[in-house]
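Reader: Please take one short helix in the smaller-numbered part of a chain and look at it closely. Then work outwards to what surrounds it.

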Amino acid sequence: MTVALAIETSCDETAVAIVKDRQVLSSIVASQVKLHEPYGGIVPEVASRGHVADLNPAIARALEEADLAGGWGAIDAIAATCAPGLVGALLTGVTAAKTLAMVHGKPFLGVHHLEGHVYASYLTDPTLEPPFLCLLVSGGHTSLLAVRGCGDYGAIGETRDDAVGEAFDKVARLLGLGYPGGPVIDRLAATGNPAAFAFPEGRVSLPGGGVHPYDTSFSGLKTAVRYTIERLGREKPGEPLPIADLAASFQAAVVRALVKRTIAAAQDLGFSTIAVGGGVAANRGLRSALAAAADPLGLKVVFPPMAYCTDNAAMIACAAVAHFEAGRRSPMNLGARSRLAITDTLSLYGAERSPSAPLREDSLGERGGPEPVRPSGDRPVVGAAPLASGMVPRQP
Amino acid sequence: MQPAPVVGLAIHTTGPQLGLAARWPDGTTTDQVWDLGHQLSTDFHDYLQGFMGDRPWTILDYLAVATGPGGFTGTRIGVVAARTLAQQLRVPLFGVSSLAAAAWTYRDRAIDNGLALQMPARRGEYHVAFYQVSATQTPLPILNDCVMALEDWKLWLEARDRPHGLVEVGDQLGKDARSVLELAEQVWGQGDRRSWEATLPYYGQHPVDSPQSRPPAIEPP
């Protein structure tokens, strides 16, 4: 039994969770939606500032709600999302996690954000085991992955431009629906006519002819919605836009594109289980259409509960538990990266401190070296002693 | 019998340098500075752990951290680490302005106890502050840290119409870690035991608001 505390700050949610194997002991999420609403999207620097303010209270709440009998002594590892995401935002969580690991003498593990979304499915169905197909759909990512084991992934398909959640946000902005776009479009789509407008499903042509069976493109779909809005404005000036019909038709095109490619991949590659992760997994249209398409083919579909669809730290802790049990640890000089393919997840572990360690995107300067610029006083000895397990620190 | 020295650790990361300073249980003070640049984001904990040596974290009576102004990312790294350490160790955390720390470092440059400090900010503006300083007392802000156009700052100083020293604060701030420690020690000595929750970075500027959309930071005296 492994207990991990994890921090997730890759975008606009400040999250801390404690997970025991695949059981969530506590999961705190402080959303920044209100903070970014005035800007119509996420401002990276604003996100980083929000994380600094929200993170430590979230750590305290996660510990309080988990109510671990042994306190810190019951926690085996500290983890943080370290890639991909907004680098400034990631660094906040990584810095706090390393500090916790250092002061309590625990191993530190960096976790790939998308792998976290894969692991959200394990929180839903603790009996789930690889291999399975994973459809990851969020504001920053749209991918079809072959899940073969912990840290062992194969890229099957992806978006060539906008992530699906990004397309929802952009179309919501075109329709004047505010931010974030996914929930409001999903709600309106339920009342509109999905056949009112014929929007393209975003085929990706191959150089030698034909179309890619699993890749998709959403920027053309977004442009088609914009042209339709402009045409309606010209043809029927002064009339209100049929917002619900536009939302329903747009969502139908998105869902059609995702379901078609997911089912094709499962059948072509012999997967019997499909797990769906990411914020767009909360979309009711996608849930019902994928389940309806999979059921007659005998394919099992696993959707995480809504709380684990959007960014959260429970999924990161769950992934950290698996890597910890596989004997993996991250070096304390692991950096944060805006991009990292999920197929490179294992590069986060095992490397001892080395100037050529792969995760150094945010380390553009020369290494300063171990010697101080202006030493004075006694010379430090490497290895501060952590708080002993169960030790109660002094009160001020 | 002498009372046991108060043990504190100060962290300064608002510039490309990492500065650490500590007062140890034997009463000695150590400070060290490293030119880490962008390596700060990856190597901070290695250097901090090395600085502490084999001493247990529980020896610390308090933490202190420079809260800015300065580089946004570097400031956050120091503040997040200090907040987390103070939270876990349940000791007070003192946030100290980078400009106040510089005022303490350069207190001998004050004229008639007046010291003006200016540091380049983004968009052609300046972080500025004016402190009343002496050799023995904590700098007293006459003008709190704020952001101004250089012309406005010059006007403010002219309107004050009294002699003062002026310090151009660059980005080599690691050496001010000792000042952060000493100022925190003074606050501790006054009986202040503030919680980590009160300490957040001071940025001075917003990533979206433009100077034109903001009212003037301060009226000249």
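**Helix α3 of chain B and its surroundings**

Author: The buried residues of helix α3 of chain B are B:S98, B:L99, B:A100, B:A101, B:A102, B:A103 and B:W104. Buried means under 20% relative accessible area, exposed over 50% and partly exposed in between (1.4 Å probe, protein chains only). This is a predicted model, where local features need pLDDT of at least 70, side-chain atom pairs need 80 or more, and totals for chains, interfaces and linings use all residues. Residues are numbered from 1 along each chain as written, chains are lettered from A and ligands numbered from 1 in written order, and side-chain values use heavy atoms without hydrogens or water.

The helix runs over residues 98-105 of chain B, and seven of its eight residues are buried. Helices (DSSP H or I, at least four residues) and strands (E, at least two) are numbered from the N terminus. Look at the start of α3(B). There, a side-chain oxygen of B:S97 comes to within 3.0 Å of the backbone nitrogen of B:L99.

Now the domains. Chain B is assigned domain 1 (8-98 + 172-213) and domain 2 (99-168); such bounds come from an automatic or database assignment. B:S98 is thus listed in domain 1, while residue 99 opens domain 2. The C-alpha centres of these two domains of chain B are 22 Å apart.

How many residues of each domain take part in the contact between them? In chain B, 25 residues of domain 1 are in contact (heavy atoms within 4.5 Å) with 21 residues of domain 2. Together, domain 1 and domain 2 of chain B bury about 1,700 Å² (accessible area lost on being put together, 1.4 Å probe, summed over both). Carbon and sulfur atoms carry 52% of that area.

Polar contacts cross this interface too. The rule finds 16 residue pairs between domain 1 and domain 2 of chain B, both residues at pLDDT 80 or more. A polar contact is an N or O pair within 3.5 Å; within protein, one atom must be able to donate a hydrogen and the other to accept it, and residues adjacent in sequence count only through side-chain atoms on both sides. On the domain 1 side of chain B, helix α5 (residues 177-189) gives the most to the surface touching domain 2, with five residues.

Take one residue of that helix. B:E185 sits in helix α5 of chain B. Its side chain makes a polar contact of 2.4 Å with the side chain of B:R23. Beyond neighbours within four places in sequence, B:E185 is in contact with B:V6, B:R23 and B:Y62.

Next, the loop before α5. B:Q172 lies between β9 (165-168) and α5 of chain B. Is B:Q172 buried or partly exposed? B:Q172 counts as partly exposed because its relative accessible area is 39%. Its C-alpha atom is separated from that of B:G19 by 9.6 Å, although the two residues are 153 residues apart along the chain. Leaving aside neighbours within four places, B:Q172 touches B:P16, B:Q17 and B:D35. With B:Q17 there is a side-chain to side-chain polar contact of 2.8 Å.

Two backbone features of chain B come before α3. The peptide bond from B:G68 to B:P69 is cis, with omega near 10°. B:P69 is in the loop between β4 (62-66) and α2 (72-89) of chain B. Further on, B:R90 has a positive phi of about 55° and is not a glycine. B:R90 lies in the loop between α2 and β5 (93-96) of chain B. At 39% relative accessibility, B:R90 is partly exposed.

Chain A has parallels to these features. The peptide bond from A:Y179 to A:P180 is cis, with omega near -5°. A:P180 is in the loop between α5 (164-174) and α6 (181-189) of chain A. A:D67, not a glycine, has a positive phi near 50°. A:D67 lies in the loop between α2 (44-66) and β4 (77-83) of chain A. A:D67 counts as exposed because its relative accessibility is 64%.

Last, the packing. The largest nonpolar core has 103 residues, and those with the most contacts inside it are A:L5, A:I7, A:V118 and B:W57. Such a core is a set of buried Ala, Val, Leu, Ile, Met, Phe, Trp, Tyr and Cys residues joined through side-chain atoms within 4.5 Å. Helix α11 (residues 314-325) of chain A supplies the largest share, ten residues. A separate, second core of 45 residues includes A:L133, A:L232, A:V254 and A:C309.

Conventions: Buried area is the accessible area (1.4 Å probe) that two parts lose on being put together, summed over both.
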